[in-house]
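Ready for some practice in reading a model closely? Each exercise below sets a task and then works through it step by step. Have the viewer open and try each one before reading the solution.

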Amino acid sequence: MKTRLLLFSVIAILLSGWSPSIESGGRIPFQLNNPDRTSKLDDKLKEISGLTWYEDDALACVNDEEGIIYVLNSENGKITKMIHFAGGADYEGITYAAPFFYISTSSGTLFQVYKDDPQLKMRYNTPINWTNDVEGLAYDSDRHFLLMACKEEPGLKYSIQNKGRAVYDYDLLKDSLIAPPKYIIKKKHLEPFISEKPKFKPSGIAIDPFDCNIYVLASIGKLLIMLSPDGTVIDVVTLDDKVHRQPEGIAFSP
């Protein structure tokens, strides 16, 4: 039986091979600050942002300046394939829903890219914009929805709550963003779990295929937040900034 892995992408570093043992005092079942393995990435990935499990033993990620999907060997982080799908932009999130990759920009544009032919692609303009700053993207296979995690303003055109950080649903069957947000994460929800006043701006999001809990990663604040499917905060762990220098992407193995 293979160990279930939780993987983070950091500038030029891939942290992987997490042991399934509970962090001291918490409910997140991974050794977050003591990774079993690290892999040094190619210099092309200095600005790595989004990360997703692809297929077999492969990962996929995006550099936040180029319209290129990089496929990586999950064991050593080596680039095995490059898929050019668009020109330069601020690409922040990537997820895979066979046979398509989905990539989001910080201003809320979504790209759907067929894995075997990047010319077979669609572009969707969502109501999210640069004031929201999308940083994380995950695929919910049970509902065939995307989860879009926003780093800045939670409301669309400042129309709703101006506190907290939002995660929106995107319905892939209807090609439509669902408003209001599915989740609003506020500092008061995090305070019972950590000793210091929390700083929190999402940089990644993933769904654990084992129990369907949602993990929201924050580079600013160095936090990993575990939510139940109904949005209840289950646990919050502070990440060691010597290990996680700038965590931008998060993914689970099957």
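## Exercise 1: A bridge across the sequence

Glu 152 has a relative accessible area of 23%, which makes this residue partly exposed (buried is under 20%, exposed is over 50%, and partly exposed lies in between, with a 1.4 Å probe and protein chains only). Find the salt-bridge partner of Glu 152 and say which parts of the chain the pair ties together.

A note before you start: this is a predicted model, in which local features need pLDDT of at least 70 and side-chain atom pairs count only at pLDDT 80 or more, while totals for chains, interfaces and linings use all residues. Residues are numbered from 1 along each chain as its sequence is written, and side-chain values use heavy atoms, with hydrogens and water left out.

**Solution.**

1. Start with the criterion: a side-chain nitrogen of Lys or Arg must be within 4 Å of a carboxyl oxygen of Asp or Glu.
2. The partner is Lys 201, whose closest N and O atoms with Glu 152 are 3.2 Å apart.
3. Now place both residues, taking strands as DSSP runs of at least two residues, numbered from the N terminus. Lys 201 belongs to strand E16 (residues 201-207), whereas Glu 152 sits in the loop between strand E13 (145-150) and strand E14 (165-171), so their contact ties together parts 49 residues apart in sequence.
4. Finish with exposure: Lys 201 is partly exposed, at a relative accessible area of 24%.

## Exercise 2: The other salt bridges

How many salt bridges does the structure hold? Examine those of Arg 143 and Lys 44, and compare the exposure of the partners.

**Solution.**

1. The structure holds five salt bridges.
2. Keep the basic idea in mind: side chains of opposite charge can pair when their charged atoms come close.
3. Arg 143 meets Asp 140 at 2.8 Å, N to O. Arg 143 is partly exposed, with a relative accessible area of 29%, whereas Asp 140 is buried at 13%.
4. For Lys 44 and Asp 42, the closest N and O atoms are 4.0 Å apart. Lys 44 is partly exposed at 42% relative accessibility, and Asp 42 is partly exposed as well, at 34%.

## Exercise 3: The enclosed space

Search the whole structure for cavities of 30 Å³ or more, then describe the lining of the largest cavity.

**Solution.**

1. On a 1 Å grid over the protein atoms alone, a cavity is a set of points where a 1.4 Å probe fits but cannot get out, and lining residues have an atom within 4 Å of a point.
2. The search returns one cavity of 30 Å³ or more. The largest cavity has a volume of about 50 Å³, meaning the space filled by probe spheres set on grid points joined across faces, edges and corners.
3. Its lining has 14 residues, and those nearest the centre are Gly 50, Leu 51, Leu 137, Gly 204 and Ile 205.
4. Two or more lining residues come from each of strand E4 (48-53), strand E8 (91-97), strand E12 (134-140), E16 and strand E20 (249-252).

## Exercise 4: Backbone checks

Locate the cis peptide bonds at Pro 99 and Pro 180, and the positive phi values at His 144 and Asp 175.

**Solution.**

1. Ala 98 and Pro 99 are joined by a cis peptide bond with omega about 5°. Pro 99 is in the loop between E8 and strand E9 (100-105).
2. Ala 179 and Pro 180 are also joined in cis, with omega about 5°. Pro 180 lies within strand E15 (residues 176-185).
3. His 144, a residue other than glycine, has a positive phi near 55°. His 144 lies in the loop between E12 and E13 and is partly exposed at 26% relative accessibility.
4. Asp 175 also has a positive phi, near 50°. Asp 175 is in the loop between E14 and E15 and is partly exposed, at 38%.

## Exercise 5: An open sheet

Which strands stand at the edges of the open sheet that includes E16?

**Solution.**

1. Use the pairing rule: DSSP must find at least two bridges between two strands.
2. The four strands follow the order E16-E17-E18-E19, with antiparallel pairing.
3. E16 and strand E19 (233-238) are at the edges; each has a single partner strand, so one side of each lacks a neighbour in the sheet.
4. Inspect one pair: strand E17 (residues 214-220) and strand E18 (residues 223-227) run antiparallel and are joined by five bridges. Ala 218 has Leu 223 in E18 as its bridge partner.

Methods: On a 1 Å grid over the protein atoms alone, a cavity is a set of points where a 1.4 Å probe fits but cannot get out, and a pocket is an open set with protein on both sides within 12 Å along at least five of seven lines; lining residues have an atom within 4 Å of a point.
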